[in-house]
Amino acid sequence: MEKLQKDIIKFTKARNWDGNHDARNLAISISLEASELLEHFQWQSAEEALAKNKQEIAEEAADVFIYLLQFADLLGIDLKEEARKKIEKNEERFPV
């Protein structure tokens, strides 16, 4: 994951896009890309959406992931660790 984050940062810096990538703008971008992901499922079943638009859905999911990695890097968040902690917290909140 660290290599992927470094590759994304390198890509962004090479295009001088890092000036706009503050926490606020990245959070907005995550939300916007997630909305674009949802748009592929509007007015149809998940099965229909995937049959018609699987590649586009994958690309939108990748956009969300890329922005999330940039956001985490900027704020110094270890997403793997935070996900583990969140799962543990949810296990306590929602026991089997």
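Colleague: At the start of α4, which backbone nitrogen does a side-chain oxygen of D78 reach?

Modeller: Look for a polar contact: a pair of N or O atoms within 3.5 Å, where, within protein, one must be able to donate a hydrogen and the other to accept it, and residues adjacent in sequence count only if both atoms are side-chain atoms. Here the D78 oxygen comes to within 3.1 Å of the backbone nitrogen of K80. This is a predicted model: local features need pLDDT of at least 70, side-chain atom pairs pLDDT 80 or more, while totals for chains, interfaces and linings use all residues. Numbering runs from 1 along each chain as its sequence is written, and side-chain values use heavy atoms, without hydrogens or water.

Colleague: How many residues does helix α4 have?

Modeller: Helices are DSSP runs (H or I, at least four residues), numbered from the N terminus. Helix α4, residues 79–93, has 15. Its first and last C-alpha atoms are 20 Å apart, close to the expected 21 Å (1.5 Å times one less than the number of residues).

Colleague: At what angle do α1 and α3 pack?

Modeller: Fit axes to C-alpha atoms over the stretch in contact; angles run from 0 to 180 degrees between N-to-C directions. For α1 and α3 the angle is about 95°, with axes 10 Å apart. They are therefore roughly perpendicular (65 to 115 degrees).

Colleague: Is N53 buried or exposed?

Modeller: Use relative accessible area with a 1.4 Å probe, protein chains only: buried is under 20%, exposed over 50%, partly exposed in between. N53, in α3, is buried at 19%. K52, also in α3, is exposed at 59%.

Methods
Helix = DSSP H or I, 4+ residues; strand = E, 2+ residues; numbered from the N terminus. Parallel < 35°, antiparallel > 145°, perpendicular 65-115°, else oblique.
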